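Here are my notes on the structure you sent. Please read them with the structure open, one point at a time.

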Amino acid sequence: MSTAHADLQARLSGLYVHPVKSCAGLAVTEARLMDTGLDLDRAWMVVDAQGRFVTQRELPRMALVRPQLRALDVVLRAPGMLALHLGMNEVESPTRVQVWGDELAAWDMGQVAAQWLSDFLGRPGLRLARFDPEVTRLASRRWSGDIEAPIEFADGFPLLLASQASLDELNARLGAAGHPPVGMERFRPNLVLDGVSAQDEDRLAELRITTAEGRQVVLRPVKPCARCPIPNVDPASAAIHPEVLATLSTYRANPVLEGAVTFGMNCVIVQGAGATLRVGDAVAADWRFE
């Protein structure tokens, strides 16, 4: 179906890349779409001494680790710490890591990065791993269906989609209960839609994004995103505000996931790897009928 005859017309109002899994994300104006999602999204991951991934669920201070992507390196900054510079294409030694149920080969980033993270996060034995591009890790075929969707260290899917209207609805409910509003960064999406109604992202069959170069990117929302307590973590202070998830739970219990509280949709890439997405790109979509 052409863009002109789509059920819904919207635009990309936000793009976020999270270079180190569960550390602060970056709002960017453009990002290259790879087979695995946005370029360098969840390319690095903090692991414990056994190689198991750690997140803000256990260590809320991870929210205060702020990455900066530069041409030749990624720089990590945190309060009270000297900046940690990591060569964009440098790794130190092979290792094995575990993310959810997947155990896979990866690259260790060395002792300096390990000590930096252990010191700031207050847990001995932490390491920083880099995804090995020779490794294939796939999203669940239960949800991706006929699409073989490779991912790096993301929880389960190449892209997470949310809408500004859904956040506005949550903030209205928080405000009515006397709580301050929250930002989109708490929900760690990759793509944010504007020009749609609250929760419209839950009901879309496919999205077609027309890039500035005239390429068409086709994305398919496949699974609602069940929310853990990470949205309760204030990204500016790492303080816990349980009213965020508590408020969501009053109206976002999703029967598709047996009543789990959801916000946003996990997506797979149908077409368009290699294209550059930009804030402001036009998005057309059709409703999903089941």
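1. A term first: a cavity is a set of grid points where a 1.4 Å probe fits but cannot get out, and a lining residue has an atom within 4 Å of such a point. In this predicted model, the residues that line the largest cavity are Thr36, Gly37, Leu38, Asp41, Glu152 and Pro158. The space in this largest cavity is about 30 Å³. The structure holds 1 cavity of 30 Å³ or more.

2. The largest pocket is a separate item. About 660 Å³ of space lies in the largest pocket. Its lining has 32 residues, and those closest to the centre are Arg57, Trp100, Asp155, Gly156 and Cys225. Three strands, β12 (137-138), β14 (159-163) and β17 (216-226), each supply at least two residues of this lining. Which strand gives the most to the lining of the largest pocket? β17 does, with 4 residues.

3. Now the cysteines. How many disulfides does the structure hold? The count is 0. A disulfide is a covalent bond between the sulfur atoms of two cysteines. For Cys225, the nearest cysteine sulfur is that of Cys228, and it is 8.0 Å away. The cut-off for a disulfide is a pair of sulfur atoms within 2.5 Å, so a pair at 8.0 Å does not count as one. Cys228 is likewise in no disulfide, and the nearest cysteine sulfur to it is that of Cys225. Is Cys225 buried or exposed? Its relative accessible area is 12%, and buried means under 20%, so Cys225 is buried.

4. Next, the sheet of 4 strands. This sheet is open, with the order β5-β11-β10-β9 and antiparallel pairing. β5 (44-47) and β9 (93-99) each have a single partner strand, so one side of each has no neighbour in the sheet. On average, neighbouring strands here are turned by 50° against each other, direction ignored. Helix α1 (residues 111-121) packs on this sheet and touches β5 and β11. The direction of α1 makes about 125° with that of β11.

5. Two pairings within that sheet can be followed residue by residue. Strand β10 (residues 102-108) and strand β11 (residues 127-131) run antiparallel and are joined by 3 bridges. Asp108 stands opposite Ala129 in β11. β9 and β10 also run antiparallel, with 7 bridges between them. In this pairing Thr95 stands opposite Ala106 in β10. β9 and β10 form a hairpin with 2 residues between them, and Trp100 in the turn has a positive phi of about 50°. Trp100 is also one of the residues closest to the centre of the largest pocket. When you look along these strands, keep a general rule in mind: in a regular strand the side chains alternate between the two faces of the sheet.

6. There is also an open sheet of 3 strands, in the order β6-β7-β8, and its pairing is antiparallel. β6 (66-69) and β8 (84-87) are the edge strands, each pairing on one side only. The average turn between neighbouring strands of this sheet is 20°, direction ignored. Between β6 and strand β7 (residues 73-77) there are 4 bridges, and the two run antiparallel. The bridge partner of Arg66 in β7 is Arg77. Helix α1 packs on this sheet, touching β7 and β8, and its direction makes about 145° with that of β8.

7. Two further residues deserve a look. Leu277 lies in strand β20 (residues 276-278). Its relative accessible area is 0%, so Leu277 is buried under the 20% cut-off. Leaving aside neighbours within four places in sequence, Leu277 is in contact with residues including Leu12, Leu15, Leu38, Leu191, Ile209 and Val217. Leu38 is also one of the residues that line the largest cavity. The C-alpha atoms of Leu277 and Ala114 are separated by 33 Å, with the two residues 163 apart along the chain.

8. The second is Asn254, which lies in strand β18 (residues 253-254). Asn254 is buried, with a relative accessible area of 10%. Not counting residues up to four places away in sequence, Asn254 touches Pro224, Gly259, Ala260 and Thr262.

Key:
Residues numbered from 1 in each chain as written. Predicted model: local features only at pLDDT ≥ 70, side-chain atom pairs only at ≥ 80, totals over all residues. Heavy atoms only, no water. Pairing = 2+ DSSP bridges. Axes fitted to C-alpha atoms, helices over the stretch in contact; angles between N-to-C directions. Contact = heavy atoms within 4.5 Å. Buried < 20%, exposed > 50% of the residue type's maximum accessible area, 1.4 Å probe, protein only. 1 Å grid on protein atoms, 1.4 Å probe; cavity = no way out; pocket = protein on both sides within 12 Å on 5 of 7 lines; lining within 4 Å. Points joined across faces, edges and corners; volume = space filled by probe spheres on them.
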